[in-house]
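Subject: Structure handover

Hello,

Here is the structure I said I would pass on. My notes on it follow below the entry.

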Amino acid sequence: MLKVSVKGSQDGGWGLTQSYLKDANYHGAVDSWLAKHSKRTVFCLVQFKGVAADALPRMYLASPTEIGAWLKAAAAGRGDTILYEEHIWTPRAQATGTIDRIPAVWQFTKDRINAFVA
């Protein structure tokens, strides 16, 4: 059996680990979040930002482990609590000039679904 957790967004990102953040320890927040999720969980991330009312939203599938690795690598390795579809870090940020983008392999496709149910 596979548990699917659906997360929707209208602003380009999914806040996943904010409630676990203590003392600006982003990696620790991710580890605490990961401890709450089974390896048989799949996240379906649904993005409505920039999508017309009569169009389908962009969707992605990712495991907690994949999301955790992405969150830890975000912001030039500092880590983050928000999984951004795409985020360009501005000059005021520690990660100035870097771009965080969801991996293309996470796109909701038949092959991606099969990778989780196989």
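F43 stands opposite A62, a residue of β4. The model is a predicted one, and this pair belongs to the contact between β3 and β4, which are antiparallel and joined by five bridges. Another pair across these two strands is C44 with L61, the latter in β4. On the other side, β3 runs parallel to β1, with seven bridges between them. There V4 stands opposite V42 of β3.

Taken together, the strands form an open sheet of three in the order β1-β3-β4, and the pairing is mixed. β1 (3-9) and β4 are the edge strands, each pairing on one side only. On average, neighbouring strands in this sheet are turned by 20 degrees against each other, direction ignored. Helix α3 (residues 110-117) packs on the sheet, where it touches β3 and β4. The direction of α3 makes about 25 degrees with that of β4.

How many residues of β3 are buried? Seven of its seven, so the cut-off of under 20% relative accessible area is met along the strand. In a regular strand the side chains alternate between the two faces of the sheet. In β3, T41, F43, L45 and Q47 are on one side, V42, C44 and V46 are on the other, and all of them are buried. Both faces of β3 are therefore covered.

Next, the helix pair. Two packed helices are described by the angle between their axes and the distance between the axes. For α1 (residues 26-35) and α2 (residues 64-73), the angle is about 170 degrees and the axes are 9 Å apart. Angles over 145 degrees count as roughly antiparallel, and α1 and α2 are therefore roughly antiparallel to each other. The residues that meet are H27, V30, D31, W33 and L34 from α1, and P64, T65, I67, G68, L71 and K72 from α2. By class, this contact has six nonpolar, three polar and two charged residues.

Which residues of α2 are buried? They are P64, I67, G68, W70 and L71. Viewed down the axis of α2, these buried residues fall within an arc of 165 degrees, so they line one face of the helix. Their cover includes α1, β3 (41-47), β4 (58-62), β5 (82-84) and β7 (99-101). After α2 comes A75, with a positive phi near 55 degrees.

Two loop positions are also worth listing.

- G12 is in the loop between β1 and β2 (13-15). Its relative accessible area is 7%, so G12 is buried. Leaving aside residues up to four places away in sequence, G12 touches Q47, K49, L83, Y84, E85 and E86. The C-alpha atoms of G12 and G50 are separated by 8.9 Å, with the two positions 38 residues apart along the chain counted as their separation.
- S19 is in the loop between β2 and α1. Buried or exposed? S19 is exposed, because its relative accessible area is 60%. From S19 to A52 the C-alpha distance is 32 Å, and the two are 33 residues apart in sequence.

Regards

Methods: Residues numbered from 1 in each chain as written. Predicted model: local features only at pLDDT ≥ 70, side-chain atom pairs only at ≥ 80, totals over all residues. Heavy atoms only, no water. Axes fitted to C-alpha atoms, helices over the stretch in contact; angles between N-to-C directions. Helix = DSSP H or I, 4+ residues; strand = E, 2+ residues; numbered from the N terminus. Parallel < 35°, antiparallel > 145°, perpendicular 65-115°, else oblique. Contact = heavy atoms within 4.5 Å. Nonpolar A, V, L, I, M, F, W, Y, C, P; charged D, E, K, R; others polar. Buried < 20%, exposed > 50% of the residue type's maximum accessible area, 1.4 Å probe, protein only. Arc of directions from axis to C-beta. Pairing = 2+ DSSP bridges.
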